[in-house]
Amino acid sequence: MSDLKTARPLSPHLSIYRFRPTMAMSILHRITGSALYVGTLLFVWWLVAAASGPEAFSYASAFFGSIIGRLILFGYTWALLHHMFGGIRHLVWDTGIGLGKETSTMLAQATLVASLVFTLVLWIGLVVFG
């Protein structure tokens, strides 16, 4: 009897499921949520620096104006947009629409494409018009 207990799986595991785009978007949604937490702390640092005076603000502005700072801001922008489009996808699913296998895969892919396109458009706009 103990052999039967050890042979059966305790719960479904990733090795049982076939990897799908909806799984990837679920994982990315959680990652972007965490990234938004850290990015928001940096945003708060910038706001506190602005309220603290010119010296503190110039230090924060220099950081966000550096290559590393701009990469962080670009990543924060993408995370924000990706998380937003993922939330919209879940809102659509909450209405009972798009739950089929093909439609959910298409929505997952559209989430990724939309977040990348909107991030690039926003940043190109900032460079050209900003």
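In which helix is glycine 39 found? Glycine 39 turns up in helix H2, in what is a predicted model. That model shows a protein chain built from five helices, with zero strands, so reading along the sequence simply gives α-α-α-α-α. Of the 130 residues in the protein chain, 23% come out as buried.

Glycine 39 makes a handy starting point for the helix H2 story. With a relative accessibility of 11%, glycine 39 counts as buried, because the cut-off for that label is under 20%. Along the chain, 37 residues separate glycine 39 from tyrosine 76, yet the C-alpha atoms of the two sit 6.0 Å apart. Both residues also show up in the lining of the largest pocket.

That pocket holds about 160 Å³ of space. Its lining consists of Gly39, Leu42, Phe43, Trp46, Ser61, Phe64, Ile72, Leu73 and Tyr76. Three helices each put in at least two of these residues: H2 (21-52), H3 (54-65) and H4 (67-94). Helix H2 gives the most, with four residues. As for chemistry, the lining has seven nonpolar residues and two polar ones, while charged residues are absent. Gly39 falls on the polar side of that count, because glycine is classed as polar here.

Back at the start of helix H2, two neighbours in sequence fall into separate burial classes. Proline 21 lies in helix H2, and so does threonine 22. Threonine 22 is buried, since its relative accessible area of 17% is under the 20% limit. Proline 21, at 27%, is partly exposed, because that value lies between the 20% and 50% cut-offs. Each of the two has a partner far along the sequence. Threonine 22 pairs up with alanine 108, which is 86 residues away in sequence but 5.4 Å away in space, C-alpha to C-alpha. For proline 21 the partner is methionine 106, at a sequence separation of 85 residues and a C-alpha distance of 8.6 Å. Helix H5 spans residues 101-129, so alanine 108 and methionine 106 both fall within its range.

Helix H5 also matters for the outside of the model. A nonpolar patch on the surface is made up of Phe74, Leu120, Ile124, Val127, Val128 and Phe129. Together, these residues have about 660 Å² of accessible area. Helix H5 provides the largest share of the patch, namely five residues. One of the patch members, valine 127, is found in helix H5. Its relative accessibility of 68% is over the 50% cut-off, and valine 127 therefore counts as exposed. Glycine 39 in helix H2, by contrast, counts as buried at 11%.

Conventions: Residues are numbered from 1 along each chain as its sequence is written. This is a predicted model: local features need pLDDT of at least 70, side-chain atom pairs count only at pLDDT 80 or more; totals for chains, interfaces and linings use all residues. Side-chain values use heavy atoms; hydrogens and water are left out. On a 1 Å grid over the protein atoms alone, a cavity is a set of points where a 1.4 Å probe fits but cannot get out, and a pocket is an open set with protein on both sides within 12 Å along at least five of seven lines; lining residues have an atom within 4 Å of a point. Grid points are joined across faces, edges and corners, and a volume is the space filled by probe spheres set on the points. Helices (H or I, at least four residues) and strands (E, at least two) are DSSP runs, numbered from the N terminus. Patches are made of residues with over 30% relative accessible area and no salt bridge: like charges are joined within 9 Å, nonpolar side chains (Val, Leu, Ile, Met, Phe, Trp, Tyr) within 5 Å. Accessible areas come from the Shrake-Rupley method with a 1.4 Å probe; for residues, only the protein chains shown count as cover. A salt bridge is a side-chain nitrogen of Lys or Arg within 4 Å of a carboxyl oxygen of Asp or Glu. Buried means under 20% relative accessible area, exposed over 50%, partly exposed in between (1.4 Å probe, protein chains only).
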